[in-house]
Amino acid sequence: MIYSNVRDWVNNVLLSGDKTEYDCINIENIDFPVSVLAKNKDISKSCPLVIFFHGSINRETQEIPVFEGKFTSKKTEGKANVVSVADPTLAMSPILRTTWYAGAQDYDVPGALRTLIKNLIDELKPSRTILCGGSTGAHPALYQASFVPNGVAVVCNPIGCISQYYAAHINEYRSTCWPEIDEKTPLKEFLADMSVSSCEESSPTTFIILSNARDSHLVKQSIPITRLLISKRKFKSTIFITKFFSKFSGHSYSSLDWLGWINAAINSPTTEISDIGSQYEYITGILESNNFPKVKITNDEDFLMAQSIYEYEIARSQE
Amino acid sequence: MSIKISPYQDLPSKSFWKTVRENHYFDLESLSQPISLSLSDKIATAGSCFAQHIGRYMKNSGAEYLDMEPRPDFLSDQDAKRFGYEVYSCRYGNIYTVRQLLQLMEESQGSREPHDVVWEKEGRFFDALRPSVDPVGLSSASQVVEMRKRHLKAVDNMFRSLDVFVFTLGLTEAWVSNEDGTVYPTAAGTIAGRHTPKKYHFKNYRYNEVMDDLRKFWGLLKAINPKARMLLTVSPVPLNATASDDHVLVATTRSKSVLRAVAGDLAEDENDVFYFPSYEIISSHPSRGMFYEPDLRNVNDGGVQLVMKHFFSAFNEESKSSPSDGDIICEEAELEKFAK
C-alpha cells in the first residue's frame, strides 16, 4: 500500500497490531518502500528508532525492494521501533546494482529521505535515532546521520565514498541516473560523494564505524571516512573499530557483532560513545560465553562406536 | 561490412583483464566454460579436502548425489563425519593424488592387490589407504581387511552407476611402498603405522606421470561405464608440509601447477571431461587472499560459497547455501604436528 504521509503510515502500520511485508511512503513524489522489522513493546512510550539501509544487490537473484536488518528482528522486538527503508533509485533501471540512495537527475532521493526521517522523528519522538547500513548502505546512514538530532550511526564495512568504489558500478550508475552530466564532471559536483562531508564540527551525532580487518575496501573507504570525521570533530563522538574474524573475511561482517553494537546503542543510557561502548562490552561478554566452541574429544565411547560400525557394515554386506 | 583489424576486437569482455580490474570480484561472470551437467545426473565426488565442500553443496542443492555407503542410523551427524560417512560418495577418505585414484579403481576391479593395507597404532588397526575414516581404528587387522572388501564393492558400484565423477586434484607428493609401489594418502607414522626408509620412499609426481595416471583411470572408468563424464577441479588448499627439498611455498606452486596443467589438458582433449576453475577463483591474486582462513591455508565459507555460485551457474542451476562446516577432514593437516 502507498501512504501519502508518514503520520498515516505510523498509525496504520507501525502502531497497529499487524505487520505487513512492506508499504510505500510517498515523500516529495518519491515512493520509499518501508518494512517494519521490530516494534516497541509499549507504543505510548518513547523508545529508540532504528533505520536500516541496504547495500548493493544482485539483480539476478534478488528482487527489489530489498530490506536490510532482518537479522535484528528477534533481538530488538519490544525494545525499539526498527524499520528498513529500501533505495527507490534502484527502480529506475533493472541494470542498477547499487545507487547509494543518491537518487538521480530530477529525483532527489537524499533530500526526500531526509524529509522522511525528519517526519518519522516528528511523529514518533524517539529517545534516539540509530541509522544503520553495511557496505554501500552505509553511505545513506552516515550522510543522513548528520541531520538527525540525538543520532547514532552504526555502520560496517562502509562504502561511504562513492568515487572510491569500482569504476564499472559508478559508470553504470552515472550513465543511467545522470545521463546529462558530462562524464568528466566529478561526482562531488552533483551529489554527496563523501558521505560525511556535510557533518559539521558541532554535530552531536555519534559515529560508530565497524570494519572487518580483512575488508579489501578498508584503505579507500573506512579509513578516509574516519579520518575526515576525526579531523572535523577533534575526536569527538567518533570511533573506528577494525576487528578480525576467522569466519568472515573480505567485504563481509559478522551480523552478530553488528547486532551487538546496535543493541548497545539501543540500550545505552545515553548516546555518548563511552556509554555505548560499555554497553557493548556487557552484551558481548554474554554472547561470547554462549558461543564457546564445543570440542569433541576421542574417548572410550569411540572404541565401542568403531566396533558397532564394523558389526553393522558386515551385517549389511551379508543381507 | 566491417574489416577485422585485430583478432582481439570481437572478443567478449571476459577475454580482457579490464573486466577483472573494473568489477567487484564477486561480480565476475563466465569464469567457467559451460559444463554438461544437470541435477538429475548421478554425481559422485572424490579428491582432496576441498572436494568435501563440493559434495556438501551438491547434496544440499537437490542433486542426485550418490552415497554408496550410507551411515548407520545410530550415528549422530558429528560422529558420522568423524567416521568418514557422508564426506564423499564412498567412505574412501581423501584421495590426494591421481595415483591413489588409479589404485582405488584397479583395486575395486580386482586387478590390483596392495600388500600392506593395515597399519597399527597402540593396539588398534587402521586401513592404511583411508586412515581418516576411523579416528580410533579397529581391534584386529582382519576386521580392517573385511571392512575394506566391503568398501571396494561399494566403490565398484559407484563407478558403474555414476553419470558424473567430480574429482579434485590435491597433491603431487606421496609416500610409496618399496614393496609393491602402493601409494598412501599420508606417510606412515602420521596417523598410524611407522615410517622406515626400508619400507617407504618419497615420490613427487611429474606432469607426465600424473597425466598418464589420469588417462589410465579415465580409460578404466569409461570401460566399465561408457556414459561416465568427469569434472576436474584443483584444490586451492596449499600443502601443509612438503617432503621435497623446496620451501613449502615453492613446493605448493609446483604441485598445483602440475595438477592444473594436467586437468586443463585432459579437459581439452576429452569431450566428456570438464575443468572447473575453483583453484583460480580462490587463489588468484585479485581476491587478495580474502578467501583463506587465518592459517592462510583453509578456505573460508565465503570462498566456498563463491566457488559454488560459479559452479552452479556453469550449468544454470542455482546455488543453495549450505550450512557452514568447519570440520573438514584432512589427514594432511596432521603433518602440522611435526612442524618445528
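## A walk from the A–B interface into chain B

Start with both chains on screen: putting chain B and chain A together buries about 2900 Å² between them, and carbon and sulfur atoms supply 56% of that area. Keep in mind as you go that this is a predicted model.

**Stop 1: the two faces.** Select the residues of each chain that touch the other. You should pick up 35 residues on chain B, in contact with 31 residues on chain A. Now look for the polar links across this interface. Twelve residue pairs are in polar contact there, both partners being at pLDDT 80 or more. Turning to the chain B side, two elements each give two or more residues to the face that touches chain A: helix 3 (77–82) and helix 5 (141–161) of chain B. Of the elements, helix 5 of chain B gives the most, with four residues. Colour this side of chain B by class and you will find 13 nonpolar, eight polar and 14 charged residues.

**Stop 2: a salt bridge.** The interface of chain B and chain A holds three salt bridges. For one of them, select Arg97(A) and Asp27(B): their closest N and O atoms are 3.3 Å apart.

**Stop 3: His169(A).** Stay with that pair and add His169(A), which sits in helix 5 (residues 167–177) of chain A. Is His169(A) buried or exposed? Its relative accessibility is 2%, so it counts as buried. Beyond residues up to four places away in sequence, His169(A) touches both members of the salt bridge, Arg97(A) and Asp27(B), along with Thr98(A) and His24(B).

**Stop 4: chain B as a whole.** Hide chain A for a moment and show chain B as a cartoon. You can trace nine helices and ten strands. Of the 340 residues in chain B, 55% are buried. Its accessible surface comes to about 15100 Å², with 50% belonging to carbon and sulfur atoms. Among contacts in chain B with a separation of 6 or more, 72% are between residues 24 or more positions apart.

**Stop 5: Ile54(B).** For a look at contacts of this kind, select Ile54(B), in helix 2 (residues 51–60) of chain B. At 1% relative accessibility, Ile54(B) counts as buried. Which residues does Ile54(B) contact, leaving aside neighbours within four places in sequence? Show Val166(B), Thr168(B), Thr233(B), Met308(B) and Phe311(B). To finish, draw a distance from Ile54(B) to Thr168(B): these two are 114 residues apart in sequence, and 9.2 Å apart from C-alpha to C-alpha.

Note on methods. Residues numbered from 1 in each chain as written. Chains lettered and ligands numbered in written order. Predicted model: local features only at pLDDT ≥ 70, side-chain atom pairs only at ≥ 80, totals over all residues. Heavy atoms only, no water. Contact = heavy atoms within 4.5 Å. Buried area = accessible area lost by both parts, 1.4 Å probe. Salt bridge = Lys/Arg side-chain N within 4 Å of Asp/Glu carboxyl O. Polar contact = N/O pair within 3.5 Å; in protein donor to acceptor, adjacent residues only side chain to side chain. Nonpolar A, V, L, I, M, F, W, Y, C, P; charged D, E, K, R; others polar. Buried < 20%, exposed > 50% of the residue type's maximum accessible area, 1.4 Å probe, protein only. Areas by Shrake-Rupley, 256 points an atom, 1.4 Å probe, with all protein chains shown as cover.
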